[in-house]
Amino acid sequence: MGAEVISGKELAQATRQSLKERTEELVSQGITPGLGVILVGNDPASASYVRGKEKACLETGIHSEVDRPDESITEEELLGKIDTLNNREDIHGILVQLPLPSHIDEQKVIMAIDPSKDVDGFHPYNTGKMLTGDDGFLPCTPFGIIHMLKSRNIPIEGRHAVVVGRSNIVGKPAGMLLLKENATVTFCHSRTKDMRSHTKQADILIAAVGKEKFISADDIKAGAVVVDVGVNRTSDGKLAGDVDFESVKEKASFITPVPGGVGPMTITMLMYNTVISAEKRLHAT
Ligand SMILES: NC(=O)C1=CN([C@@H]2O[C@H](COP(=O)(O)OP(=O)(O)OC[C@H]3O[C@@H](n4cnc5c(N)ncnc54)[C@H](OP(=O)(O)O)[C@@H]3O)[C@@H](O)[C@H]2O)C=CC1
Ligand SMILES: Nc1nc(=O)c2c([nH]1)NC[C@@H]1CN(c3ccc(C(=O)N[C@@H](CCC(=O)O)C(=O)O)cc3)C=[N+]21
Ligand SMILES: [Mg+2]
(Lines give C-alpha, C1' and ligand atoms only; values in the text may rest on other atoms or scores of the structure.)
(Ligands and ions follow the chains in the order given, each with its own letter.)
Protein backbone atom coordinates (compact mmCIF):
# COMPACT_ATOMS: atom_id res chain seq x y z
CA MET A 1 0.00 0.00 0.00
CA GLY A 2 0.97 3.63 0.15
CA ALA A 3 0.78 6.50 -2.29
CA GLU A 4 2.15 6.55 -5.79
CA VAL A 5 5.07 8.94 -5.96
CA ILE A 6 4.89 11.45 -8.83
CA SER A 7 8.47 11.96 -9.92
CA GLY A 8 8.96 15.52 -11.11
CA LYS A 9 12.48 14.56 -12.05
CA GLU A 10 11.32 11.91 -14.56
CA LEU A 11 8.54 14.06 -15.99
CA ALA A 12 11.04 16.93 -16.29
CA GLN A 13 13.43 14.73 -18.28
CA ALA A 14 10.72 13.64 -20.71
CA THR A 15 9.40 17.20 -21.11
CA ARG A 16 12.91 18.61 -21.65
CA GLN A 17 13.51 16.01 -24.36
CA SER A 18 10.48 17.22 -26.33
CA LEU A 19 11.49 20.86 -25.74
CA LYS A 20 14.94 20.05 -27.11
CA GLU A 21 13.29 18.95 -30.36
CA ARG A 22 11.32 22.20 -30.56
CA THR A 23 14.51 24.15 -29.91
CA GLU A 24 16.31 22.28 -32.71
CA GLU A 25 13.45 23.15 -35.06
CA LEU A 26 13.75 26.82 -34.06
CA VAL A 27 17.52 26.78 -34.56
CA SER A 28 17.03 25.31 -38.04
CA GLN A 29 14.82 28.34 -38.77
CA GLY A 30 17.50 30.71 -37.55
CA ILE A 31 16.35 31.44 -33.98
CA THR A 32 18.11 30.14 -30.86
CA PRO A 33 15.86 30.64 -27.81
CA GLY A 34 17.67 32.86 -25.30
CA LEU A 35 17.12 33.30 -21.56
CA GLY A 36 18.65 36.21 -19.63
CA VAL A 37 18.88 35.69 -15.86
CA ILE A 38 19.78 38.37 -13.33
CA LEU A 39 20.95 37.09 -9.95
CA VAL A 40 21.60 39.91 -7.48
CA GLY A 41 23.95 39.13 -4.58
CA ASN A 42 25.25 35.76 -3.46
CA ASP A 43 22.48 34.03 -1.53
CA PRO A 44 23.47 30.31 -1.68
CA ALA A 45 19.91 28.99 -2.24
CA SER A 46 19.27 31.45 -5.10
CA ALA A 47 22.65 30.57 -6.62
CA SER A 48 21.72 26.87 -6.48
CA TYR A 49 18.36 27.41 -8.26
CA VAL A 50 20.09 29.50 -10.92
CA ARG A 51 22.59 26.66 -11.52
CA GLY A 52 19.61 24.34 -12.01
CA LYS A 53 18.24 26.74 -14.63
CA GLU A 54 21.58 26.92 -16.46
CA LYS A 55 21.76 23.10 -16.55
CA ALA A 56 18.21 22.87 -17.92
CA CYS A 57 19.08 25.41 -20.64
CA LEU A 58 22.03 23.25 -21.69
CA GLU A 59 19.79 20.15 -21.77
CA THR A 60 17.16 21.85 -23.93
CA GLY A 61 19.48 23.78 -26.25
CA ILE A 62 18.45 27.20 -24.93
CA HIS A 63 21.14 29.88 -24.85
CA SER A 64 21.45 31.24 -21.29
CA GLU A 65 23.25 34.20 -19.79
CA VAL A 66 23.52 34.93 -16.10
CA ASP A 67 24.36 38.44 -14.91
CA ARG A 68 25.47 38.42 -11.26
CA PRO A 69 25.58 42.02 -10.00
CA ASP A 70 26.73 42.69 -6.44
CA GLU A 71 23.96 43.18 -3.90
CA SER A 72 24.96 46.85 -3.63
CA ILE A 73 23.53 47.47 -7.14
CA THR A 74 21.06 50.37 -7.17
CA GLU A 75 17.46 50.00 -8.31
CA GLU A 76 18.21 52.33 -11.21
CA GLU A 77 21.16 50.22 -12.37
CA LEU A 78 19.06 47.06 -12.15
CA LEU A 79 16.26 48.69 -14.16
CA GLY A 80 18.91 49.63 -16.74
CA LYS A 81 19.99 46.00 -17.07
CA ILE A 82 16.38 44.93 -17.60
CA ASP A 83 15.96 47.62 -20.26
CA THR A 84 18.99 46.25 -22.10
CA LEU A 85 17.57 42.70 -22.04
CA ASN A 86 14.13 44.01 -23.10
CA ASN A 87 15.72 45.50 -26.21
CA ARG A 88 17.85 42.51 -27.22
CA GLU A 89 16.59 40.53 -30.22
CA ASP A 90 18.39 37.36 -29.13
CA ILE A 91 16.84 37.24 -25.64
CA HIS A 92 13.31 35.80 -25.52
CA GLY A 93 12.96 35.29 -21.77
CA ILE A 94 14.01 37.40 -18.78
CA LEU A 95 14.15 36.17 -15.18
CA VAL A 96 15.14 38.28 -12.20
CA GLN A 97 15.78 35.89 -9.32
CA LEU A 98 13.75 36.75 -6.20
CA PRO A 99 14.02 37.80 -3.44
CA LEU A 100 15.86 41.05 -4.14
CA PRO A 101 17.79 43.07 -1.54
CA SER A 102 15.48 45.21 0.61
CA HIS A 103 16.63 48.54 -0.92
CA ILE A 104 15.12 47.47 -4.26
CA ASP A 105 11.38 47.61 -4.96
CA GLU A 106 10.55 44.10 -6.23
CA GLN A 107 7.24 45.08 -7.80
CA LYS A 108 8.85 47.96 -9.71
CA VAL A 109 11.48 45.56 -11.09
CA ILE A 110 8.89 42.99 -12.18
CA MET A 111 6.86 45.75 -13.87
CA ALA A 112 9.94 46.82 -15.86
CA ILE A 113 10.22 43.45 -17.62
CA ASP A 114 8.68 43.42 -21.11
CA PRO A 115 5.53 41.25 -20.58
CA SER A 116 6.30 39.43 -23.86
CA LYS A 117 9.59 38.24 -22.27
CA ASP A 118 8.21 37.63 -18.77
CA VAL A 119 8.75 33.86 -18.76
CA ASP A 120 8.27 33.74 -14.94
CA GLY A 121 4.71 34.98 -15.48
CA PHE A 122 5.07 37.49 -12.63
CA HIS A 123 4.24 40.73 -14.51
CA PRO A 124 0.74 42.02 -13.65
CA TYR A 125 -0.09 41.91 -17.38
CA ASN A 126 0.42 38.14 -17.38
CA THR A 127 -1.20 37.74 -13.96
CA GLY A 128 -4.24 39.53 -15.35
CA LYS A 129 -4.31 37.31 -18.41
CA MET A 130 -4.14 34.25 -16.17
CA LEU A 131 -7.13 35.52 -14.18
CA THR A 132 -9.25 36.14 -17.27
CA GLY A 133 -8.12 32.94 -18.98
CA ASP A 134 -6.38 34.75 -21.86
CA ASP A 135 -3.23 33.44 -23.46
CA GLY A 136 -0.13 34.65 -21.57
CA PHE A 137 2.86 33.25 -19.69
CA LEU A 138 1.74 31.06 -16.79
CA PRO A 139 3.82 31.11 -13.57
CA CYS A 140 6.19 28.15 -13.66
CA THR A 141 5.57 26.47 -10.29
CA PRO A 142 1.74 26.32 -10.55
CA PHE A 143 2.01 25.42 -14.27
CA GLY A 144 4.38 22.56 -13.36
CA ILE A 145 1.96 21.32 -10.70
CA ILE A 146 -0.94 21.13 -13.20
CA HIS A 147 1.37 19.31 -15.61
CA MET A 148 2.27 16.76 -12.91
CA LEU A 149 -1.39 16.08 -12.04
CA LYS A 150 -2.34 15.69 -15.72
CA SER A 151 0.60 13.37 -16.37
CA ARG A 152 -1.03 10.88 -13.98
CA ASN A 153 -4.57 11.51 -15.26
CA ILE A 154 -5.56 12.83 -11.84
CA PRO A 155 -9.00 14.42 -12.19
CA ILE A 156 -9.22 18.05 -11.10
CA GLU A 157 -12.70 19.04 -12.27
CA GLY A 158 -15.26 19.09 -9.49
CA ARG A 159 -12.74 18.16 -6.83
CA HIS A 160 -11.92 20.15 -3.72
CA ALA A 161 -8.43 21.63 -3.92
CA VAL A 162 -7.01 23.18 -0.75
CA VAL A 163 -3.97 25.43 -1.17
CA VAL A 164 -1.94 26.21 1.95
CA GLY A 165 -0.04 29.45 1.25
CA ARG A 166 -1.09 32.54 -0.72
CA SER A 167 2.12 34.10 -2.03
CA ASN A 168 2.03 35.86 -5.39
CA ILE A 169 4.52 33.43 -6.89
CA VAL A 170 3.09 30.10 -5.70
CA GLY A 171 -0.07 29.81 -3.58
CA LYS A 172 -2.32 32.39 -5.24
CA PRO A 173 -1.58 31.40 -8.86
CA ALA A 174 -1.75 27.68 -7.97
CA GLY A 175 -5.29 28.21 -6.70
CA MET A 176 -6.21 30.19 -9.83
CA LEU A 177 -4.94 27.50 -12.22
CA LEU A 178 -6.80 24.80 -10.26
CA LEU A 179 -9.94 26.96 -10.49
CA LYS A 180 -9.41 27.23 -14.25
CA GLU A 181 -9.36 23.41 -14.30
CA ASN A 182 -12.77 23.53 -12.56
CA ALA A 183 -11.68 22.53 -9.06
CA THR A 184 -13.45 24.04 -6.05
CA VAL A 185 -10.66 25.96 -4.34
CA THR A 186 -9.98 26.89 -0.72
CA PHE A 187 -6.98 28.98 0.38
CA CYS A 188 -5.42 28.60 3.85
CA HIS A 189 -2.82 31.03 5.25
CA SER A 190 -1.31 32.27 8.49
CA ARG A 191 -4.61 33.81 9.66
CA THR A 192 -6.69 30.70 8.95
CA LYS A 193 -8.45 29.30 12.01
CA ASP A 194 -8.61 25.53 12.53
CA MET A 195 -6.58 24.81 9.41
CA ARG A 196 -6.87 21.04 9.80
CA SER A 197 -10.67 21.20 9.36
CA HIS A 198 -9.95 22.58 5.87
CA THR A 199 -6.99 20.44 4.83
CA LYS A 200 -8.82 17.25 5.84
CA GLN A 201 -11.48 18.03 3.22
CA ALA A 202 -8.99 18.27 0.39
CA ASP A 203 -9.10 15.86 -2.53
CA ILE A 204 -6.01 17.72 -3.76
CA LEU A 205 -3.77 19.42 -1.20
CA ILE A 206 -1.08 21.90 -2.23
CA ALA A 207 1.46 22.73 0.51
CA ALA A 208 3.36 25.98 -0.19
CA VAL A 209 4.29 27.34 3.23
CA GLY A 210 8.04 26.99 3.70
CA LYS A 211 7.95 25.01 6.97
CA GLU A 212 9.35 21.53 7.33
CA LYS A 213 6.82 18.80 8.33
CA PHE A 214 4.00 21.37 8.30
CA ILE A 215 1.55 18.79 6.90
CA SER A 216 1.31 15.44 8.67
CA ALA A 217 -0.89 12.37 8.06
CA ASP A 218 -3.42 13.71 10.60
CA ASP A 219 -3.96 16.79 8.40
CA ILE A 220 -5.17 14.89 5.33
CA LYS A 221 -8.06 12.75 4.17
CA ALA A 222 -7.28 9.14 3.20
CA GLY A 223 -6.67 8.94 -0.55
CA ALA A 224 -5.85 12.63 -1.02
CA VAL A 225 -3.43 13.82 -3.70
CA VAL A 226 -0.65 15.72 -1.91
CA VAL A 227 1.61 18.17 -3.76
CA ASP A 228 4.60 19.41 -1.78
CA VAL A 229 6.00 22.73 -3.01
CA GLY A 230 8.13 23.54 0.03
CA VAL A 231 11.91 23.58 -0.23
CA ASN A 232 13.41 23.78 3.24
CA ARG A 233 16.99 23.25 4.35
CA THR A 234 17.05 20.98 7.42
CA SER A 235 19.44 21.36 10.37
CA ASP A 236 21.55 18.49 9.00
CA GLY A 237 21.89 20.26 5.64
CA LYS A 238 19.41 18.15 3.63
CA LEU A 239 16.40 19.35 1.64
CA ALA A 240 12.89 18.74 2.92
CA GLY A 241 9.44 19.77 1.78
CA ASP A 242 6.50 21.06 3.82
CA VAL A 243 5.01 17.55 4.05
CA ASP A 244 6.02 14.77 6.44
CA PHE A 245 6.64 12.44 3.50
CA GLU A 246 6.97 9.12 5.36
CA SER A 247 3.68 9.35 7.28
CA VAL A 248 1.65 11.09 4.56
CA LYS A 249 2.80 8.57 1.94
CA GLU A 250 0.93 5.82 3.86
CA LYS A 251 -2.38 7.67 3.69
CA ALA A 252 -2.36 9.63 0.39
CA SER A 253 -3.12 8.25 -3.10
CA PHE A 254 -0.44 10.35 -4.82
CA ILE A 255 2.41 12.38 -3.37
CA THR A 256 5.21 14.50 -4.81
CA PRO A 257 8.68 14.16 -3.23
CA VAL A 258 11.23 16.83 -2.24
CA PRO A 259 13.75 16.88 -3.79
CA GLY A 260 12.79 15.58 -7.23
CA GLY A 261 9.17 16.77 -7.30
CA VAL A 262 7.80 20.24 -8.05
CA GLY A 263 11.25 21.92 -8.22
CA PRO A 264 12.51 20.24 -11.41
CA MET A 265 9.12 20.86 -13.07
CA THR A 266 9.25 24.57 -12.14
CA ILE A 267 12.52 24.86 -14.03
CA THR A 268 11.16 22.83 -16.95
CA MET A 269 8.15 25.13 -17.35
CA LEU A 270 10.57 28.06 -17.44
CA MET A 271 12.25 26.36 -20.40
CA TYR A 272 8.81 25.76 -21.93
CA ASN A 273 7.85 29.43 -21.62
CA THR A 274 11.17 30.50 -23.16
CA VAL A 275 10.68 28.18 -26.16
CA ILE A 276 7.10 29.47 -26.61
CA SER A 277 8.40 33.04 -26.51
CA ALA A 278 10.98 32.28 -29.22
CA GLU A 279 8.33 30.51 -31.35
CA LYS A 280 6.11 33.59 -31.10
CA ARG A 281 9.02 35.75 -32.22
CA LEU A 282 9.59 33.49 -35.21
CA HIS A 283 5.94 33.71 -36.25
CA ALA A 284 5.95 37.48 -35.80
CA THR A 285 8.76 37.91 -38.35
N1 LIG B 1 9.57 23.92 -5.72
C2 LIG B 1 9.54 25.13 -6.27
O3 LIG B 1 9.64 25.24 -7.47
C4 LIG B 1 9.38 26.32 -5.43
C5 LIG B 1 9.40 26.18 -4.09
N6 LIG B 1 9.21 27.25 -3.28
C7 LIG B 1 9.15 26.97 -1.84
O8 LIG B 1 7.78 26.97 -1.46
C9 LIG B 1 7.63 27.47 -0.13
C10 LIG B 1 6.71 28.67 -0.17
O11 LIG B 1 7.28 29.69 -0.96
P12 LIG B 1 6.61 31.13 -1.10
O13 LIG B 1 5.19 31.00 -1.49
O14 LIG B 1 7.50 31.97 -1.90
O15 LIG B 1 6.69 31.60 0.44
P16 LIG B 1 6.12 32.86 1.21
O17 LIG B 1 6.91 32.92 2.46
O18 LIG B 1 6.05 34.03 0.30
O19 LIG B 1 4.61 32.42 1.55
C20 LIG B 1 4.32 31.46 2.53
C21 LIG B 1 2.83 31.33 2.71
O22 LIG B 1 2.59 30.41 3.77
C23 LIG B 1 1.68 30.96 4.67
N24 LIG B 1 1.95 30.51 6.04
C25 LIG B 1 3.03 30.75 6.81
N26 LIG B 1 2.91 30.20 8.01
C27 LIG B 1 1.69 29.59 8.04
C28 LIG B 1 0.97 28.87 9.01
N29 LIG B 1 1.47 28.66 10.23
N30 LIG B 1 -0.26 28.40 8.68
C31 LIG B 1 -0.77 28.61 7.45
N32 LIG B 1 -0.12 29.29 6.49
C33 LIG B 1 1.08 29.78 6.78
C34 LIG B 1 1.84 32.47 4.58
O35 LIG B 1 0.65 33.09 5.01
P36 LIG B 1 0.46 34.71 5.01
O37 LIG B 1 0.22 35.08 3.59
O38 LIG B 1 -0.74 34.92 5.88
O39 LIG B 1 1.71 35.29 5.57
C40 LIG B 1 2.15 32.65 3.10
O41 LIG B 1 0.98 32.81 2.35
C42 LIG B 1 9.06 27.78 0.33
O43 LIG B 1 9.56 26.64 1.01
C44 LIG B 1 9.82 27.98 -0.97
O45 LIG B 1 11.19 27.69 -0.83
C46 LIG B 1 8.96 28.50 -3.79
C47 LIG B 1 8.95 28.70 -5.13
C48 LIG B 1 9.17 27.63 -6.08
N1 LIG C 1 12.14 34.99 -10.32
C2 LIG C 1 12.08 33.84 -9.66
N3 LIG C 1 11.52 32.76 -10.25
C4 LIG C 1 11.46 31.56 -9.59
O5 LIG C 1 10.92 30.57 -10.15
C6 LIG C 1 12.01 31.46 -8.27
C7 LIG C 1 12.59 32.61 -7.72
N8 LIG C 1 12.60 33.78 -8.42
N9 LIG C 1 13.11 32.56 -6.48
C10 LIG C 1 13.15 31.35 -5.70
C11 LIG C 1 12.08 30.37 -6.09
C12 LIG C 1 12.41 28.96 -5.72
N13 LIG C 1 12.47 28.23 -6.97
C14 LIG C 1 12.89 26.90 -7.11
C15 LIG C 1 13.13 26.34 -8.34
C16 LIG C 1 13.61 25.05 -8.46
C17 LIG C 1 13.87 24.30 -7.34
C18 LIG C 1 14.45 22.93 -7.50
O19 LIG C 1 14.69 22.48 -8.61
N20 LIG C 1 14.72 22.21 -6.43
C21 LIG C 1 15.33 20.89 -6.48
C22 LIG C 1 16.49 20.81 -5.51
C23 LIG C 1 17.53 21.88 -5.79
C24 LIG C 1 18.65 21.90 -4.74
O25 LIG C 1 19.30 20.86 -4.58
O26 LIG C 1 18.85 22.96 -4.11
C27 LIG C 1 14.29 19.85 -6.12
O28 LIG C 1 13.29 20.21 -5.47
O29 LIG C 1 14.49 18.69 -6.48
C30 LIG C 1 13.62 24.84 -6.11
C31 LIG C 1 13.13 26.11 -5.98
C32 LIG C 1 12.23 29.07 -8.00
N33 LIG C 1 11.99 30.31 -7.56
MG1 LIG D 1 7.96 35.88 -0.74
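Helices and strands are here taken as DSSP runs, of at least four residues for a helix and at least two for a strand, and are numbered from the N terminus. On this basis, in what is a predicted model, the span of residues 139–281 is 36% helix and 17% strand, and the C-alpha atoms at its two ends lie 20 Å apart. An unreviewed UniProt entry annotates residues 139–281 as "domain: Tetrahydrofolate dehydrogenase/cyclohydrolase NAD(P)-binding".

The strands were examined next. An open sheet is formed by 6 strands in the order 1-11-8-7-5-6, with parallel pairing. Its edges are strand 1 (4–5) and strand 6, each of which pairs on one side only. In general, the strands of a sheet pair through backbone hydrogen bonds, in either a parallel or an antiparallel manner. Strand 5 is joined to strand 6 (residues 184–188) by 5 bridges, the two strands running parallel, and strand 5 also pairs in the parallel sense with strand 7 (residues 204–207), over 4 bridges. Val 162 illustrates both pairings, since its bridge partner in strand 6 is Thr 186, while in strand 7 Val 162 stands opposite Leu 205. Strand 5, helix 7 and strand 6 together make a β-α-β unit that is right-handed.

The loop of this unit carries annotated positions. According to the unreviewed UniProt entry, the annotation "binding site" covers Gly 165, Arg 166, Ser 167 and Val 231. Gly 165 is placed in the loop between strand 5 (160–164) and helix 7 (171–180), and Arg 166 lies in the loop between strand 5 and helix 7 as well. Gly 165 is classed as buried because 24 other C-beta atoms lie within 10 Å, the cut-off for this class being 20 or more. Arg 166, by contrast, counts as partly exposed, because it has 18 C-beta neighbours inside 10 Å. When residues up to four places away in sequence are not counted, Gly 165 touches Val 170, Gly 171, His 189, Ala 208 and Val 209. With the same exclusion, the contacts of Arg 166 are with Gly 171, Lys 172, Phe 187 and His 189, and both Gly 171 and His 189 therefore appear in the two contact lists, as the 7 Å criterion between C-beta atoms was applied to each.

The surroundings of the two ligands were then described. Around ligand 1 there are 24 residues, of which Gly 165, Ser 167, Ser 190, Gly 210 and Thr 266 come nearest; Gly 165 and Ser 167 are also among the positions covered by the "binding site" annotation in the UniProt entry. The shell around ligand 1 divides by class into 10 nonpolar, 12 polar and 2 charged residues, and helix 10 (residues 262–284) gives the most to this shell, with 3 residues. Around ligand 2 there are 18 residues, and those that come nearest are Ser 48, Leu 98, Pro 259, Gly 263 and Thr 266. Thr 266 is thus listed among the nearest residues for ligand 1 and for ligand 2. The shell around ligand 2 comprises 11 nonpolar, 6 polar and 1 charged residues. Helix 2 (44–60), strand 4 (93–96) and helix 10 each supply at least two residues of the shell around ligand 2, with helix 10 giving the most, namely 4 residues.

Individual residues in helices 1, 2 and 3 were also considered. Glu 59 is placed in helix 2 and counts as partly exposed because it has 18 C-beta neighbours inside 10 Å. Apart from residues up to four places away in sequence, Glu 59 touches Arg 16 and Lys 20. Between Glu 59 and Phe 122 there are 25 Å in space, C-alpha to C-alpha, and the two are 63 residues apart in sequence. Arg 22, found in helix 1 (residues 8–28), is likewise partly exposed, with 18 C-beta neighbours inside 10 Å; Arg 22 and Ala 12 are 10 residues apart in sequence and 15 Å apart in space, C-alpha to C-alpha. Leu 85, in helix 3 (residues 75–86), counts as buried because it has 23 C-beta neighbours inside 10 Å. Leaving aside neighbours within four places in sequence, Leu 85 is in contact with Gly 36, Ile 91 and Ile 94, whereas Leu 85 and Thr 184, which are 99 residues apart in sequence, are 40 Å apart in space, C-alpha to C-alpha.

Key
Residues are numbered from 1 along each chain as its sequence is written. Chains are lettered from A and ligands numbered from 1 in the order in which they are written. This is a predicted model: local features need pLDDT of at least 70, side-chain atom pairs count only at pLDDT 80 or more; totals for chains, interfaces and linings use all residues. UniProt positions are given in the numbering used here, feature names are shortened, and annotations may be inferred rather than shown by experiment. A residue is buried if 20 or more other C-beta atoms lie within 10 Å of its own, exposed if 12 or fewer, and partly exposed in between; C-beta atoms are placed from the backbone. Two strands pair if DSSP finds at least two bridges between them. A crossover is right-handed if, with the strands pointing away from the viewer, the path from the first strand over the helix to the second runs clockwise. A residue is near a molecule or strand if its C-beta atom, placed from the backbone, lies within 6 Å of it. Ala, Val, Leu, Ile, Met, Phe, Trp, Tyr, Cys and Pro count as nonpolar, Asp, Glu, Lys and Arg as charged, and the others, Gly among them, as polar.
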